[in-house]
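Open the model in your viewer and keep the sequence panel visible. The stops below follow one another as a series of selections.

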Amino acid sequence: MRTVAFIRNTARVVALAALAAAPAVFAGDPPPQYAASCGACHAVGVAGAPATGNAEAWAPRMEKGMEALVASVRNGLNAMPPGGLCNSCSDEDYAALITYMATAQ
Ligand code: HEC
């Protein structure tokens, strides 16, 4: 019985620790679609893709406005395939992904 109580208490402490840590862990984390789509090219800047977190590379792109950038992703642009490998993404998802890549530290 003592062991069970110990495990239960330990689990509670771990859960509380995870909750307490959550805001720090999630702040600035990539949107869920990032790793399996945009990140494949933008994480390292494949084929001229503006690299995630490279504010200089993103600045001239951001000047086009979010609507134009979302359209570039939807339609594809040179080496970027239409949809950027995320065909289930909404325009809002694309905007969040673009904002993440342009502002990530
Ligand atoms: C297969 C590689 C690849 C993937 C996957 C990819 N991109 Fe790109 N992306 C590129 C390349 C290459 C460019 C630069 C195109 C150019 O200007 O010639 C680019 C450019 C862009 C631009 C700038 C467009 C403009 O009009 O200047 C945005 C915004 C963008 N990508 C967003 C995304 C988003 C969001 C995703 C994920 C949903 C994504 N990309 C996935 C390769 C990729």
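Begin with A47: is this residue buried or exposed? A47 is exposed, because 8 other C-beta atoms lie within 10 Å, and a residue counts as exposed at 12 or fewer. The model is a predicted one, so read each stop as a description of that prediction. A47 sits in the loop between α2 and α3. Display its backbone torsions: phi is near 55°, a positive value in a residue other than glycine.

Next, select N78, in the loop between α4 and α5. Here too phi is positive, at about 50°, although N78 is not a glycine. N78 counts as exposed because it has 9 other C-beta atoms within 10 Å.

Now show the ligand and the 27 residues around it. Which of them come nearest? They are C38, C41, S72, M80 and G84. Colour this shell by element: α2 (39-42), α4 (66-75) and α5 (91-103) are the elements that give it two or more residues. Colouring by class instead gives 19 nonpolar, six polar and two charged residues in the shell around the ligand.

Stay on C38, one of the residues that come nearest to the ligand. Leaving aside residues up to four places away in sequence, C38 touches G84, L97 and M101. C38 also belongs to the largest nonpolar core, which has 13 residues. Which members of this core touch the most other members? Select C38, Y94, L97, I98, M101 and A102 to see them. The elements that give two or more residues to this core are α4 and α5. The largest share, five residues, comes from α5.

Select α5 by itself for the last stop. This helix has 13 residues. From its first C-alpha to its last it reaches 18 Å, close to the 18 Å expected at 1.5 Å a residue. Mark the buried residues of α5, which are Y94, L97, I98, M101 and A102. Then turn the view to look down the axis of α5: the buried residues fall within an arc of 125°, so they line one face of the helix.

What do the buried residues of α5 pack against? Bring back α2, α3 (55-62) and α4, the elements that they pack against. With these shown, α2 and α4 can also be traced to the shell around the ligand, to which each gives two or more residues, as does α5.

Notes. Residues numbered from 1 in each chain as written. Predicted model: local features only at pLDDT ≥ 70, side-chain atom pairs only at ≥ 80, totals over all residues. Near = placed C-beta within 6 Å. Helix = DSSP H or I, 4+ residues; strand = E, 2+ residues; numbered from the N terminus. Nonpolar A, V, L, I, M, F, W, Y, C, P; charged D, E, K, R; others polar. Core = buried A, V, L, I, M, F, W, Y, C linked by C-beta atoms within 7 Å. Buried ≥ 20, exposed ≤ 12 C-beta atoms within 10 Å, placed from the backbone. Contact = placed C-beta atoms within 7 Å. Expected span 1.5 Å × (residues − 1). Arc of directions from axis to C-beta.
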